[in-house]
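Morning, everyone. I'll take you through one model, a few elements at a time. Please have the structure open as I talk.

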Amino acid sequence: MVFFLLWAIAIQGAEYLKYKDPKQPLHARINDLISRMTLEEKIGQMTQIERNVTTPEIIKKYHIGSILIGGGSEPAPHASADTWMDMADEFQKEALSDRLGIPIIIGTDAIHGQNNAFNATIFPHNVGLGATRDPQLVKKIGAATALEVRATGIPYTFAPCIAVCRDPRWGRCFESYSEDHKIVQAMTELIPGLQGDIPANYPMNFPYVNNERIKVAGCAKHFVGDGGTINGIDEYDTIVDWNGLKNIHMPAYLDSIRKGVATVMVSYSSWNGKKMHANYNLITGYLKNKLKFKGFVISDSEGIDRITSPPHVNYTYSVQAGIQAGIDMVMVPYKFVEFIDDLTSLVKRNVIPMSRIDDAVERILRVKFILGLFENPMADRTLASQLGSQEHRELAREAVRKSLVLLKNGKNTDEPLLPLPKKARKILVAGSHANDIGNQCGGWTIAWHGHSGNITVGNTILTAIKNTVDPGTEVIYNENPDREFLNSNDFSYAIVIVGELPYSEYVGDSKDLTIAEPGYSTITNVCESVKCVVTIISGRPVVIEPYLEKMDAMVAAWLPGTEGQGVADVLYGNYGFTGKLARTWMRTVDQLPMNVGDPHYDPLFPFGYGLTTTPTELIAAQ
């Protein structure tokens, strides 16, 4: 009798935990859970902290809702997929053991693959993907990225960046698909790749993530106007009227919301002098009320701190301004006790109404429920083999091929240099970027700003060339050959691979847009001595006009990632060049900003430019 009584009590108790019942409607689950939460638990949900300041005790004590895996943050050097998943599960177990058992959501900047993880597939950065003009390819990249992110136990990525970069001096221009909002809009196909295709009859403009654990929540960023700042200065001010903001920088957000994007990240930048992190009219008035966005709005890292100048000088004000503007989750990510204390005080003093807190928590819980975290909070160990899988590397190689833009082919159009012959007596490969995975991947690779060196698994372009040429062709590599070396060898042709060194964000802001030394002298020495093709590895157009005449051919390879074989595939004619510039290539920096359609448009290579070649096997068949 006692047993049945206890069983009846247990059943009765379970009936009141609606939020744990996946058969209940979404709104009922959310409302039930919010009704049970204390203020401290609600504010915990709004708090995102960095992995390297997280402990199981902190998660439980402060009811932390989210953990950030920032650029370069990893559980251990060269961590395996299982090590990543162990870390995620340890954090999750602690969250689930809290009073209400609300799972945390772990997020990372997987912006060109799971780029924090050693051995992951690193895809071309967005600047190259824009040149493919292939939204379906980008969707496939989204799906592959989702699998590799899930292979590290993470269900949330801060991608895509849908900035419309209007000035290549900006250090984040490589994260932008194009200067043309139409291309950026088309490339929002990354979102259904990451999250899954919205089913028929799904609510309009409502966040959607397929909860089968092979998809991740996405994040459209950075709202709004981040690519339009004065002189391309990172985090600066975008001076443009409402029509300009709405017609250039806003359209891709409408597409993203229509495709069910789960979250939106706010920009560090300002619009006409008003910090976006404090812009109630745009975050709440436009994004939430006008566009009916129902996912959650997240700050950028320490984004609310930068509402004041200098940052963090009046943090209580920053917390108040950011939360009242409509930010739901704050990427704190270090000084979380101060954030929690300040927000708690502001609510208790009735400065911030409880209705604003409840709106934020409702949105965060909505995404967590839709993502399936309440049913499947732990990592799926069967996905470990997806990290750096051969199938994904082949997809990345295809993306590299399609992203390459041929800007010059022969000093005379009658005598094209490309495709190169695989059979030659002796060829030269030169340049600082020929044998360097880090350089060809760029920023946001293993480290926040990336760094040079063979920092992860992949194929350098030099290795790819050696794999492609005829076995009888001698390949000589000399990073920066002098005239004596060049004159003492009889090279059939040379491939020069030079470009920018890795950077991200403000570190990449540039007033001169030059390539890294000794890149120009390498071009000059080699191309004045040998028939040459110059391949530029860069996150944007760079100053090249003074050297163009010396070259026989020139290729923009952008930041191709780990699969350098894709470059050799096209140089040697296994595939043809098809890429088209998604950015205007200026003559000099004095012309900037200069975008297609401007009245003073006088580029070295115009938007949409790109020569084509025919694959060698088709030439042979003709």
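Start at S7 and strand S10, residues 296–298: they run parallel and are joined by three bridges. Within that pairing, Val-264 sits opposite Val-297 in S10. Before I go further, one reminder: this is a predicted model.

Now the other pairing of S7. S5 and S7 are also parallel, over four bridges. Here Lys-221 has Met-265 in S7 as its bridge partner.

What about the faces of S7: are they covered or open? Both are covered. Thr-263 and Met-265 lie on one side, Val-264 and Val-266 on the other, and all are buried. So Val-264, the residue opposite Val-297, and Met-265, the partner of Lys-221, are both among the buried residues.

Next, helix H11, residues 251–258. Six of its eight residues are buried, so the helix is largely enclosed by the rest of the structure. Which six? Pro-251, Ala-252, Tyr-253, Asp-255, Ser-256 and Ile-257. And what do they pack against? Two strands are on the list: S5, residues 219–223, and S7, residues 263–266. The helices are H8 (181–186), H9 (190–195), H10 (242–249) and H12 (280–290). Just past the end of H11, look at Gly-260: its phi is positive, about 85°.

Two open sheets next. One has three strands, ordered S6-S8-S9, with mixed pairing. Its edges are S6, residues 237–238, and S9, residues 274–275. Each has a single partner strand, so one side of each has no neighbour in the sheet. S8, residues 270–271, runs antiparallel to S9, joined by two bridges. Trp-271 has Lys-274 in S9 as its bridge partner.

The other open sheet has five strands. The order is S4-S3-S2-S1-S11, and the pairing is parallel. S4, residues 156–157, and S11, residues 330–331, are the edge strands, each pairing on one side only. At the S4 end, S3 (residues 105–108) runs parallel to S4, with two bridges between them. Find Thr-108 there: Thr-157 in S4 is opposite.

Now a helix pair. H2, residues 26–36, packs with H15, residues 354–371, at an angle of about 130°. Their axes are 10 Å apart. That angle makes H2 oblique to H15. The crossing of H2 past H15 is right-handed. Which residues of H2 meet H15? Leu-26, Arg-29, Ile-30, Leu-33 and Ile-34. On the H15 side they meet Asp-358, Val-361, Glu-362, Leu-365, Arg-366, Phe-369 and Ile-370. By type, the contact residues are eight nonpolar, four charged and no polar. A helix reminder on spacing: with 3.6 residues a turn, residues three or four places apart in an α-helix point the same way.

Last stop, Leu-418. This residue is in the loop between S12 (405–409) and S13 (426–430). Buried or exposed? Buried, because its relative accessibility is 4%, and the cut-off for buried is under 20%. Setting aside residues up to four places away in sequence, Leu-418 touches Leu-406, Asn-409, Val-533, Ala-553, Val-555, Leu-571, Phe-577 and Thr-613. For a sense of span, take Met-329, 89 residues away along the chain. The C-alpha atoms of Leu-418 and Met-329 are 51 Å apart.

That's my tour. Over to you.

Key:
Residues numbered from 1 in each chain as written. Predicted model: local features only at pLDDT ≥ 70, side-chain atom pairs only at ≥ 80, totals over all residues. Heavy atoms only, no water. Axes fitted to C-alpha atoms, helices over the stretch in contact; angles between N-to-C directions. Parallel < 35°, antiparallel > 145°, perpendicular 65-115°, else oblique. Left-handed = near helix turned anticlockwise from the far one by under 90°. Contact = heavy atoms within 4.5 Å. Nonpolar A, V, L, I, M, F, W, Y, C, P; charged D, E, K, R; others polar. Buried < 20%, exposed > 50% of the residue type's maximum accessible area, 1.4 Å probe, protein only. Pairing = 2+ DSSP bridges.
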